[in-house]
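Thanks for asking me to look this one over. Here are a few points to read alongside the structure.

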Amino acid sequence: MIDRGDVHWRERARELGAAAVAGGAPVTYGIVALCCAVFLISPLSGFNPAHGSADALLAAQAGYFERWGVIPSELLDGSAHAALTPLTALFVHGSWLHLLGNLLFLYVFGAMTEERMGRAEFTFFYLACGYFALVAYAVAHADSDQTLVGASGAISAVLGAFLYLFPRARVTSLFPFLFFLPLRFPAWIVLVFWFALQWLAARSAGSGPGVAYLAHVAGFVAGFLYAWVRFRGGTRVKSPATATEGESQP
């Protein structure tokens, strides 16, 4: 006997995957393009001679972070500029590795999440959860003067939402302890493993802010809860038939 419910889930999964490819996921790819463009014209890329070199370049980089990044000790002072920095910081990255690592995860997990939510809602979701993640980190480190930049919090929210919406999708992943062999795993295994690493890193980060692991955890939880509240009465694609192509490295 054919399980009509299973057939429905499989068809729905294929439809979402095909729509993400055919539609081009304009918001996801637009964010990727915008982050790349911002980085290329910034003092961090080394491609813009207007920023000078040596000491002048270092000064330009410091000023760039202070202008567009989140400074926890200033965020809660009530100024309009400080209140906007959790949005501007989402498009600022500190290095090529930082940029490419973030955008790789967004590319792998963003398109199908966007297709499921819709363009406008995904845009709101990405910005709101990213803002929340950076504010959560800043509140936890309210006395810190270290600048916080990057899309990690927002992308972590995308991962959390993906886990709820597509719990049995498969992704191609590179795990260091498996000699970086490209192997396909269910997305939930990759994401739960990633979340566990972030949580352990946040607990062992010490007194200094360091890497914003807490922002990663806050974003992931916010994304998962958003998807649970928003879509718990609707369709969750449980079929393993749809595969999200790409590589991710937790």
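**Notes on the core, a surface patch and one serine**

1. The largest nonpolar core has 53 residues, and those touching the most other members are L106, F109, F125, Y126 and F162. Two or more core residues come from each of α2 (26-41), α3 (54-68), α6 (96-117), α7 (119-140), α8 (152-165), α9 (187-203) and α10 (213-231). The top contributor is α8, with 10 residues. Please keep in mind that this is a predicted model.

2. Y126 is a good place to start looking around. Which residues does Y126 contact, once neighbours within four places in sequence are left aside? They are I31, L106, A151, A154, I155 and V158.

3. As a general background, nonpolar side chains in soluble globular proteins tend to be buried together. There is also a nonpolar patch on the surface here, about 530 Å² and made by L40, I41, F47, W96 and L100. Both α2 and α6 supply at least two of the patch residues.

4. W96, one of the patch residues, lies in helix α6. Is W96 buried or partly exposed? Its relative accessibility is 36%, so W96 counts as partly exposed.

5. S45 sits in the loop between α2 and α3. With a relative accessible area of 9%, S45 is buried. Its side chain reaches two backbone oxygens: that of F39 at 3.5 Å and that of S42 at 3.4 Å. Not counting residues up to four places away in sequence, S45 touches F39, L40 and W96. Of these, L40 and W96 also help make the nonpolar patch.

Definitions and conventions:
Residues numbered from 1 in each chain as written. Predicted model: local features only at pLDDT ≥ 70, side-chain atom pairs only at ≥ 80, totals over all residues. Heavy atoms only, no water. Core = buried A, V, L, I, M, F, W, Y, C linked by side-chain atoms within 4.5 Å. Buried < 20%, exposed > 50% of the residue type's maximum accessible area, 1.4 Å probe, protein only. Helix = DSSP H or I, 4+ residues; strand = E, 2+ residues; numbered from the N terminus. Contact = heavy atoms within 4.5 Å. Patch = residues over 30% accessible without salt bridge, like charges linked within 9 Å, V, L, I, M, F, W, Y side chains within 5 Å. Areas by Shrake-Rupley, 256 points an atom, 1.4 Å probe, with all protein chains shown as cover. Salt bridge = Lys/Arg side-chain N within 4 Å of Asp/Glu carboxyl O. Polar contact = N/O pair within 3.5 Å; in protein donor to acceptor, adjacent residues only side chain to side chain.
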